[in-house]
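Grab a coffee and work through these exercises with the structure open beside you. Try each task before you read its solution.

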Amino acid sequence: PREPEQWDMSQIKADQAHAVTDGSRNVLVGVLDTGIAPEHPDLKPNIDVTNSVNCADAGRPDLSPTGWHDSKGVSGYHGTHVAGTIAAARNGIGIVGVAPNVRIASVKVTCTGSESGSRRGTPTAWQAPARNGSPTSRASNGPASCPSPRRSAIRSAWSRLAVSMRT
């Protein structure tokens with residue numbers, strides 16, 4: 001019911017895109033951020049738990065069942081917000097994402113939501129969706145924020161992904 005309030009979606013003409021497609025369940029988008037709140041009603045139907053991972057601990061993948069969950073940091077629940085922009089389901093409850101029918105995988109790279117995030121975890125996080133067959137990822141950080149050896153790992157993953165970035 002909140003779709004009409006989404007000024008950002010009207011700015012990018014998402015309604016026109018939705019007239020063509022709401023996205024495909026065959027598409028998996030990796031959301032590299034603070035995690036995703038697993039019980040959020042607009043996101044729950046689209047979260048791919050199997051491909052979600054926490055890489056915020058110095059790049060060591062944490063595959064525990066709750067490691068990838070979002071926790072409130074300095075930026076609030078930033079990863080959950082980003083995931084909603086990408087893929088909030090059209091379920092009559094809240095907002096609708098740009099691609100409300102795609103699947104999303106939480107790839108947690110920071111626990112705080114700060115710009116710095118976990119620089120050591122960033123290359124591992126970029127590699128995770130590429131290894132797991134996700135053709136698309138979205139992040140608020142990139143190779144410019146990492147030392148040179150880590151940039152090559154990120155660029156390698158980018159060569160296999162369609163990437164949306166904010167640096």
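A pocket here is an open set of grid points, on a 1 Å grid, with protein on both sides within 12 Å along at least five of seven lines. Its volume is the space filled by probe spheres set on those points. One more thing before you start: this is a predicted model.

**Exercise 1. Size up the largest pocket and work out what lines it.**

Solution. Start with the volume: the largest pocket holds about 240 Å³ of space. Next, list the lining. Arg2, Glu5, Gln6, Trp7, Asp8, Met9 and Ile12 belong to it, and so do His81, Thr85 and Ile95. Now map these onto the elements: α1 (7–11) and α3 (78–87) are the ones that give two or more residues to the lining. The largest share, three residues, comes from α1. Finally, sort by class, and you get four nonpolar, three polar and three charged residues.

**Exercise 2. Trace the fold along the chain.**

Solution. First count the elements: you should find five helices and five strands. Then read them off from the N terminus, which gives α-α-β-β-α-β-α-β-α-β. Now look at how the chain packs against itself. Take the contacts with a separation of 6 or more; residues 24 or more positions apart account for 76% of them.

**Exercise 3. Is α3 mostly covered or mostly open?**

Solution. Buried means under 20% relative accessible area, so that's the cut-off to apply residue by residue. Going along the helix, Gly79, Thr80, Val82, Ala83, Gly84, Ile86 and Ala87 come out as buried. That makes seven of the 10 residues in α3, so call the helix mostly covered. For the chain as a whole, 46% of the 167 residues are buried. As for what's left on the outside, the chain exposes about 8,200 Å², with carbon and sulfur atoms supplying 54% of it.

**Exercise 4. Find the salt bridges that involve Arg2 and Arg90, and say which residues form a network.**

Solution. Fix the rule first: a side-chain nitrogen of Lys or Arg has to sit within 4 Å of a carboxyl oxygen of Asp or Glu. That rule gives five salt bridges.

Begin at Arg2. Its partner is Glu5, and their closest N and O atoms are 3.1 Å apart. Arg2 itself is partly exposed, at 43% relative accessibility.

Move on to Arg90, which pairs with Glu3 at 3.2 Å between the closest N and O atoms. This pair links distant parts of the chain: Arg90 is in the loop between α3 and β3 (103–108), while Glu3 is in the segment before α1, 87 residues apart. Both ends are partly exposed, with relative accessible areas of 39% for Arg90 and 34% for Glu3.

Then check Asp22, which also bridges to Arg90, with the closest N and O atoms 2.5 Å apart. Here too distant parts are joined, since Asp22 lies in the loop between α2 (14–20) and β1 (28–33), 68 residues from Arg90. Asp22 is partly exposed at 24%.

Put the last two bridges together and you have the network: Glu3, Asp22 and Arg90.

How values were computed: Residues numbered from 1 in each chain as written. Predicted model: local features only at pLDDT ≥ 70, side-chain atom pairs only at ≥ 80, totals over all residues. Heavy atoms only, no water. Helix = DSSP H or I, 4+ residues; strand = E, 2+ residues; numbered from the N terminus. Buried < 20%, exposed > 50% of the residue type's maximum accessible area, 1.4 Å probe, protein only. Contact = heavy atoms within 4.5 Å. Areas by Shrake-Rupley, 256 points an atom, 1.4 Å probe, with all protein chains shown as cover. 1 Å grid on protein atoms, 1.4 Å probe; cavity = no way out; pocket = protein on both sides within 12 Å on 5 of 7 lines; lining within 4 Å. Nonpolar A, V, L, I, M, F, W, Y, C, P; charged D, E, K, R; others polar.
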